[in-house]
Amino acid sequence: MIAKSDIRAEAARLLDYFRAAGAAHVEADILQPARTLIDLYGEDIRARTYVTNDPLRGEMMLRPDFTVPLVLHHMANGEGEARYTYAGEVFRQQQAEADRPSEYIQVGYELFSAEDPARADAEVFALFGEVLSPLGLRASTGDIGILMAAVRGLKASQARKAALLRHIWRPRRFRALIERYSGRAPVPPARAKLLADVAAGRDVIGAAGPLVGLRGREEIEARVRALVADAAEPPLSEGESQLLDEILSLHETLPMVLERLRDLEVDMPALAPAVERFAARTDALAEAGIDVDGLMFEGSYGRSTMEYYDGFIFGFYAPGAPAMPPVATGGRYDALVRALAREGGCPAVGGVIRPGLMLEVRKGMA
Amino acid sequence: MSVKLGVPSKGRLMEKTFDWFAERGVKLGLSGSSREYAGHVEGIEGVELVLLAASEIPRELAAGRIHLGVTGTDLVREKLARWEAQVEELRPMGFGHADLVLAVPAAWVDVSTLDDLDAVAAQFRARHGFRLRIATKYHRLVREFLRDAGVADYRLVDSQGATEGTVKNETAEAIADITSTGETLRANHLKVLEDGLVLRSQATLLRSRAGAGDEGVMAELLERLEAGPLAE
């Protein structure tokens, strides 16, 4: 068991390290308005966090991470280029893994900058890499932006692309949509009947009895029209769904992945901007002193765990301890800033370290 | 030391539980007036009857304050995280059948599956500026079910009763509730999604993993109950 006082001392050391890198120290409240977080992440987050009730402020949540309060802090303080660091407890309910702590300390570094995203990504990754280097951790990286670019490049309707992008962080639902759009999943009988009834000119809504609730007739009609249009749309080609599979199964070092992406770009020119970003980042990482030939990239890395991280993502893992959560994780979350800011919003990249896990790894090495 | 048996304190669930035990030679009864929540057990020594709200039985079992209990599987799964680690399901009792289902307005002709519900949730949010509301009292079960199905952009609103009415009252767009015949759903112009069965529930005999009370009494009681109904 590692003493909390030791974890705090380690957190203080990390905080100094990030301060020396130019970050301003920011404090965030432990009690956060639950509404903001539930609006952002959906109902699921309730099962992973502690929600409590305040008679005047309504539902409050014990801070599950610092990212959202930091983005709000940045929005309230001028939106220019800024570097922040913070340290403190976060709180997570553990529904299934009772041996994982529900309260632990995180230390983070966040960089808000509209300039040169590749350089910003490399700055954050290099900072984390350096402070973690004595621990001999294994790093993994990914970039959901490439998958998103591929979806945008599909020969499909805007409605289908929007549905796929909406579920980009939910692999099972994404897969189900691909199956359906490729014509590989059968049309549910009720859908087939609806389409036939509409084609025969029947008043399907009227026949279903009185309409109750807030969702109006015109909304139902709009979706019925969308279903009719979708049924008439040609299926995704074999080649296109294969291309998505290929991107998702990439698992190579950065230079090898870049080569592979250049090949894919020939089949789908729409990938070009995302591939250029990847190339620029790889260069920036090399310039920052990272051994890119030894750095792995996984096409589906972080996909189900890091919603709103829509660009570069990374994690540092203790080798030989597969059950241990990552010692550090981070990435680019421009989509999160956009969701919170509604308009504008400064692009941002950052990450967190768990000092408690650093100490555990060090103890294992001794 | 005795074995504490917790059973529902009122209604048909209590009566059926009493019948079920009586068929197996264990007579449960209320002491004094029927308004007093105290009971007695005949036909076996060392068993103490505790009358509780059905919804409290899972928690009491988990804490080991009662050693055996009768309640619906829906309540066990809703009230207890990792319920298998806390209680053991000994046997279904063959009554108290109820299905927890997801239902939407019958006039939503464009919605018959969870896929549709998910798509409509996105449409609804874009149109109304807030998430599609699902009224229920089974928060954990419904949330887990919808997470596994990958449904997004919804919000659960708590409803402890008359849940079928929330759609007409426009405090929710869909509901998740217990139904046995579906009549109340139809009367409120709602329909069940084709793949909207969250859980099939019935009254179940449960044992606490936190404590058995008197081992000897427990063994004898279980033997009696496992043996099935006595011949007339």
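This is a guided tour of a predicted model with two chains, A and B, to be followed with the structure open in a viewer.

**First stop: chain A as a whole**

Begin by selecting chain A and colouring it by secondary structure, where you should find 15 helices and twelve strands. Turn the chain until you can see its extent along the principal axes, along which the C-alpha atoms fill a box of roughly 75 × 60 × 40 Å. Of the 366 residues in chain A, 37% are buried. If you consider the contacts in this chain between residues at least 6 apart in sequence, 71% of them join residues at least 24 apart.

Next, give two colours to the domains of chain A, taking residues 1-64, 75-136 and 347-366 for domain 1 and residues 155-239 for domain 2. The C-alpha centres of these two domains lie 40 Å apart.

**Second stop: a sheet in chain A**

Now select strands β2, β3 and β4 of chain A, which form an open sheet in the order β2-β4-β3 with antiparallel pairing. The edges are formed by β2 (31-33) and β3, each of which pairs on one side only. As you look across the sheet, the twist from one strand to the next averages 45°.

Stay with β3 (residues 51-54) and β4 (residues 58-62) of chain A, which run antiparallel and are joined by four bridges. If you follow the backbone from β3(A) to β4(A), you pass through a hairpin of three residues. Which residue stands opposite A:V51 in β4(A)? Selecting A:M61 shows the residue that does so, and for A:T52 the bridge partner in β4(A) is A:M60. While you have these side chains on display, bear in mind that in a regular strand the side chains alternate between the two faces of the sheet.

**Third stop: an unusual backbone angle in chain A**

Move along chain A to A:Y308, in the loop between β9 (296-298) and β10 (312-317). The phi of A:Y308 is near 75°, which is a positive value in a residue other than glycine. Is A:Y308 buried or exposed? A:Y308 counts as buried because 20 C-beta neighbours lie inside 10 Å.

**Fourth stop: chain B and its two domains**

Select chain B, whose secondary structure comes to eight helices and twelve strands. Its C-alpha atoms fill a box of roughly 65 × 35 × 30 Å along the principal axes, and buried residues make up 44% of its 232 residues.

For the domains of this chain, colour residues 3-96 and 202-226 as domain 1 and residues 98-201 as domain 2. Their C-alpha centres lie 32 Å apart, and seven residues of domain 1 of chain B are in contact with eight residues of domain 2 of chain B. On the domain 1 side of this contact, helix α3 (residues 73-79) of chain B gives the largest share, four residues. By class, that side has no nonpolar, four polar and three charged residues.

Then select B:H189, in the loop between α7 (183-187) and β11 (190-201) of chain B. B:H189 has a positive phi of about 60° although it is not a glycine. With 19 other C-beta atoms within 10 Å, B:H189 is partly exposed, because a residue is buried only if 20 or more lie within that distance.

**Fifth stop: where the chains meet**

Show both chains together and select the residues where they touch: 32 residues of chain A are in contact with 30 residues of chain B. On the chain A side, the elements that give two or more residues are α6 (158-166), α7 (171-181), α8 (189-199), α9 (204-207) and α10 (217-232). The largest share of that side, five residues, comes from α10(A). Its residues divide into 16 nonpolar, five polar and eleven charged.

**Last stop: the nonpolar cores**

In soluble globular proteins, nonpolar side chains tend to be buried together. The largest nonpolar core here has 119 residues, and those with the most contacts inside it are A:A150, A:V327, B:I134, B:I175 and B:A176. Helix α4 (residues 117-132) of chain A gives the largest share of this core, seven residues. Apart from it lies another core, of 25 residues, which includes B:L52, B:W83, B:A203 and B:L205.

To finish, centre the view on B:A176 and, leaving aside its neighbours within four places in sequence, look for the residues in contact with it, among them B:L100, B:I134, B:Y138 and B:V198.

Notes:
Residues are numbered from 1 along each chain as its sequence is written. Chains are lettered from A and ligands numbered from 1 in the order in which they are written. This is a predicted model: local features need pLDDT of at least 70, side-chain atom pairs count only at pLDDT 80 or more; totals for chains, interfaces and linings use all residues. Two residues are in contact if their C-beta atoms, placed from the backbone, lie within 7 Å. Ala, Val, Leu, Ile, Met, Phe, Trp, Tyr, Cys and Pro count as nonpolar, Asp, Glu, Lys and Arg as charged, and the others, Gly among them, as polar. A nonpolar core is a set of buried Ala, Val, Leu, Ile, Met, Phe, Trp, Tyr and Cys residues joined through C-beta atoms within 7 Å. A residue is buried if 20 or more other C-beta atoms lie within 10 Å of its own, exposed if 12 or fewer, and partly exposed in between; C-beta atoms are placed from the backbone. Two strands pair if DSSP finds at least two bridges between them. Axes are lines fitted to C-alpha atoms, for helices over the stretch in contact, and angles run from 0 to 180 degrees between N-to-C directions. Domain bounds come from an automatic or database domain assignment.
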